[in-house]
Amino acid sequence: MTKILLAGAARRDITPEVGTLLYGYNPHQVSTSVHDPLNVTAAAFSDTRETALLLTVTVGDFQTELCNEIRGKIGKLCGIPSENVVISATHTHSAPNVAGFEGWGDVDRPYVDQIMLPAMLAASMEAVEKMRPAEIGIGTCLSDVGINRRQHNRNGSIGLGQNPWGCYDPVMTVISVKGVDGTGILNMIHYGCHGTAAGCNHEISRDWSGIMCDRLEAVTGTMTAYWNGAQGDVGPRLTNGQTVGDIHYVEELGGVAAQDALRAYRDIDSYHTVNFAVKKDAVHLPYRELPPLDEVRAKLAGYTDPDKLYNIQRLMYGHWRDVEAVLAAEETDYPTHFTFQQTIVTLGNVAFVPFPYEMFSAITRRLSANSPYTHTLSLSNTNGYNAYLPSQDQICLGGYEVECFVAGAVYTLTDNADQYIIEENLRIMES
């Protein structure tokens with residue numbers, strides 16, 4: 001069968017007005033300037049029988065309900081199934097709140113309705129309309145832009161810093177999409193790392209990945225966008241020894257990332273028309289049992305003024321509050337699994353695998369090691385958000401990410417959920 005690949009791409013600006021609240025650290029962080037503009041990039045792929053859209057949006061996380069709403073609207077506008085719309089967040093901490101996660105503030109609905117959603121719809125439609133015969137080239141390099149951020153403190157606790165012996169994925173991948181006439185359509189950069197180089201700042205910014213994308217775009221003359229990989233335990237490798245800094249560290253690390261992206265791009269040795277496919281099925285992850293009611297009430301008794309809490313403290317309080325409500329209702333038919341609909345998009349030997357989590361790098365490295373695809377590109381914070389997904393070996397150590405994992409919802413996953421999500425995705429890829 002003759003291979004047919006059509007591709008198109010489009011971008012829109014989604015920069016908010018100065019004064020918008022920024023998401024990532026606390027619910028009252030006000031922006032005072034724009035360091036670099038925010039945007040949404042839509043990539044459309046088709047084999048004439050089926051079409052998929054991969055969008056990357058320079059925001060922190062997407063609330064699952066909001067993401068499903070937007071996927072439905074894009075699908076209806078573009079005439080494709082909503083499950084074929086894959087929406088990723090780059091996880092910059094210097095953009096408006098579209099996550100609505102307890103402890104971090106509500107979704108900025110005016111921003112969504114007036115700026116972000118219209119831009120996503122317009123970019124998606126244009127990308128579909130501009131599809132033309134295409135081919136892809138793939139280049140990789142090893143990059144030290146990221147570093148494991150689960151710092152082991154002397155007292156045995158886990159903090160947010162730099163862990164030089166911890167796991168991270170050093171592979172940066174650039175997929176160059178060109179028309180068969182050789183003209184550029186899109187450069188897709190994939191790498192796993194938190195967007196926290198700017199720290200708890202007041203500038204609107206795409207963080208370090210924005211500098212990287214702008215530079216590769218300037219050199220190649222082709223639209224360039226970033227898709228974040230496994231970043232749950234990976235922070236930016238900053239020269240201050242931390243994984244947060246200020247806006248100057250965005251520029252510093254962004255320059256390093258730009259050089260790496262150029263190396264990966266220059267590693268491309270050929271372009272080919274490849275097979276395109278969309279693989280879909282449900283993923284099932286087991287829940288742990290709820291704790292006894294008296295244990296939950298003892299936890300709640302330790303909170304004296306919960307209305308003043310935010311960030312992880314508020315999240316943990318909300319978890320115990322909601323668990324108490326469920327247990328007090330004396331229901332017996334508790335759900336046993338968390339289920340989400342998975343959509344894996346493949347281009348030849350490349351597989352884009354969405355995760356509605358901030359997943360730990362060991363999980364995606366294990367997935368890649370067993371994948372039938374040469375380039376298995378896991379996408380974090382994609383098609384929704386359910387906090388962190390740690391690897392089982394890290395849960396006993398605790399730390400911020402593990403606290404989010406065990407308090408991110410009423411029902412929480414079992415410690416070995418990492419193995420389940422690997423097996424489920426391999427099953428879908430191998431189907």
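Which helices and which strand each supply at least two residues of the lining of the largest pocket? I began my notes with this question, working throughout on a predicted model.

**Entry 1, the largest pocket.** I looked up the elements around the largest pocket and found that helix 1 (64-78), helix 6 (311-328), strand 18 (337-347) and helix 9 (400-407) each give at least two residues to the lining. For the volume I noted about 750 Å³, and for the lining a total of 40 residues, with Thr-64, Glu-65, Phe-338, Tyr-385 and Asn-386 lying nearest the centre. Sorting that lining by class, I wrote down 19 nonpolar, 16 polar and 5 charged residues.

**Entry 2, the second largest pocket.** I then turned to the second largest pocket, which holds about 350 Å³ of space. I listed 23 lining residues here, and those closest to the centre are Gly-24, Tyr-25, His-93, Leu-160 and Tyr-400. Helix 6 and helix 9 came up again, since each of them supplies at least two residues of this lining, whose classes I recorded as 12 nonpolar, 8 polar and 3 charged.

**Entry 3, helix 6 against helix 9.** With both helices noted at the two pockets, I checked how they pack, and found an angle of about 25° with the axes 9 Å apart. Because angles under 35 degrees count as roughly parallel, I entered helix 6 as roughly parallel to helix 9. The crossing of helix 6 past helix 9 is left-handed. On the side of helix 6 I listed Asn-311, Ile-312, Leu-315, Met-316 and His-319, which meet Tyr-400, Glu-403, Cys-404, Val-406 and Ala-407 in helix 9. This contact comprises 7 nonpolar, 2 polar and 1 charged residues. I marked Tyr-400 in particular, as this residue belongs to the contact on the helix 9 side and is also among the residues closest to the centre of the second largest pocket.

**Entry 4, helix 1 against helix 2.** Finally I followed helix 1, already noted in the lining of the largest pocket, to helix 2 (residues 109-129), where the two axes come within 10 Å and cross at roughly 40°. Here the crossing is right-handed. From helix 1 I wrote down Leu-66, Glu-69, Ile-70, Lys-73, Ile-74, Leu-77 and Cys-78, and from helix 2 their counterparts Arg-109, Val-112, Met-116, Leu-117, Met-120, Leu-121, Ser-124, Met-125 and Val-128. By class, I entered 12 nonpolar, 1 polar and 3 charged residues for this contact.

How values were computed. Residues are numbered from 1 along each chain as its sequence is written. This is a predicted model: local features need pLDDT of at least 70, side-chain atom pairs count only at pLDDT 80 or more; totals for chains, interfaces and linings use all residues. Side-chain values use heavy atoms; hydrogens and water are left out. On a 1 Å grid over the protein atoms alone, a cavity is a set of points where a 1.4 Å probe fits but cannot get out, and a pocket is an open set with protein on both sides within 12 Å along at least five of seven lines; lining residues have an atom within 4 Å of a point. Grid points are joined across faces, edges and corners, and a volume is the space filled by probe spheres set on the points. Ala, Val, Leu, Ile, Met, Phe, Trp, Tyr, Cys and Pro count as nonpolar, Asp, Glu, Lys and Arg as charged, and the others, Gly among them, as polar. Axes are lines fitted to C-alpha atoms, for helices over the stretch in contact, and angles run from 0 to 180 degrees between N-to-C directions. Angles under 35 degrees count as roughly parallel, over 145 as roughly antiparallel, 65 to 115 as roughly perpendicular and the rest as oblique. A crossing is left-handed if the near helix is turned anticlockwise from the far one by less than a right angle, and right-handed if clockwise. Contact means heavy atoms within 4.5 Å.
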